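I opened this notebook to record what I looked up in the structure shown below. The entries follow the order in which I consulted it.

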Amino acid sequence: VVLKKILPLEKTARGVLHGTLSAFRDPRFLAFAAMAFVFPLSMGMVVAVSPVWGAESGLGEGYIGLVLGGNSLIVAALAIPAASRMEALGPFRMLPAAAALVSVSLLSYALVPDAAAALLVGTVVFSFGEVIFSSAVPAAVAGLAPAGRRGAYQGGWALIGSLCMGSALVL
């Protein structure tokens, strides 16, 4: 994947922390974050919570690791084709599909009666949602940022994403 143009260098006189926190004064960024937080939260659930659930359901560590490793392979194999397609369509158009896939994946953990099948189905379906949102969300955040503020907005989103992923075990 090649950038179509060189992006201008962003400079800040007040520092990285101030720049990152300044994104939270933008109502459009806050509205987007209020909807998109489910993506890193669900990633935390799949990565941190589903192995605990699987172990408590009697699944072996090897099986859990194999399924989660499959997630990584699916995402790695499809990341570039998905990002290329998304560039043409725009990131906001793909996010509803990612949300639907994430919803189906989380529902499958509860609705599929066999724990091994539920972990497999839920993780594979989640992988396809992850392929979409892992490219679309940062591109959408960049699209929301005013000129010269992309780094600050990405930093703000990274803060939200980290808090959401980390809070998955709490929920």
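**Notebook: two helix positions and a surface patch**

I began with Ser127, which lies in helix 6. I note that the model I am reading is predicted.

Entry on Ser127. I asked whether Ser127 is buried or exposed. Its relative accessibility is 0%, so Ser127 counts as buried, the cut-off for that class being under 20%. I then looked up its contacts, leaving out residues up to four places away in sequence, and found that Ser127 touches Asn71, Ile74 and Val75.

Entry on Ile132. I located Ile132 in helix 6, which spans residues 115-144. I read a relative accessibility of 11% for Ile132, and therefore I list Ile132 as buried. Which residues does Ile132 touch, not counting those up to four places away in sequence? I found Met86, Met94, Ala97, Ala98 and Leu101. I also looked up a C-alpha separation: Ile132 and Leu95 are 37 residues apart along the chain, and their C-alpha atoms are separated by 7.2 Å.

Entry on the surface. I turned next to a nonpolar patch on the surface, formed by Leu17, Leu21, Leu159 and Leu163. Together these residues have about 390 Å² of accessible area. Which helices each supply at least two residues of the patch? I recorded helix 1 (16-22) and helix 7 (150-167).

Entry on Leu159. I placed Leu159, one of the patch residues, in helix 7. Its relative accessibility is 36%, so I entered Leu159 as partly exposed, a class that lies between the 20% and 50% cut-offs.

Terms used
Residues are numbered from 1 along each chain as its sequence is written. This is a predicted model: local features need pLDDT of at least 70, side-chain atom pairs count only at pLDDT 80 or more; totals for chains, interfaces and linings use all residues. Side-chain values use heavy atoms; hydrogens and water are left out. Helices (H or I, at least four residues) and strands (E, at least two) are DSSP runs, numbered from the N terminus. Buried means under 20% relative accessible area, exposed over 50%, partly exposed in between (1.4 Å probe, protein chains only). Contact means heavy atoms within 4.5 Å. Patches are made of residues with over 30% relative accessible area and no salt bridge: like charges are joined within 9 Å, nonpolar side chains (Val, Leu, Ile, Met, Phe, Trp, Tyr) within 5 Å. Accessible areas come from the Shrake-Rupley method with a 1.4 Å probe; for residues, only the protein chains shown count as cover. A salt bridge is a side-chain nitrogen of Lys or Arg within 4 Å of a carboxyl oxygen of Asp or Glu.
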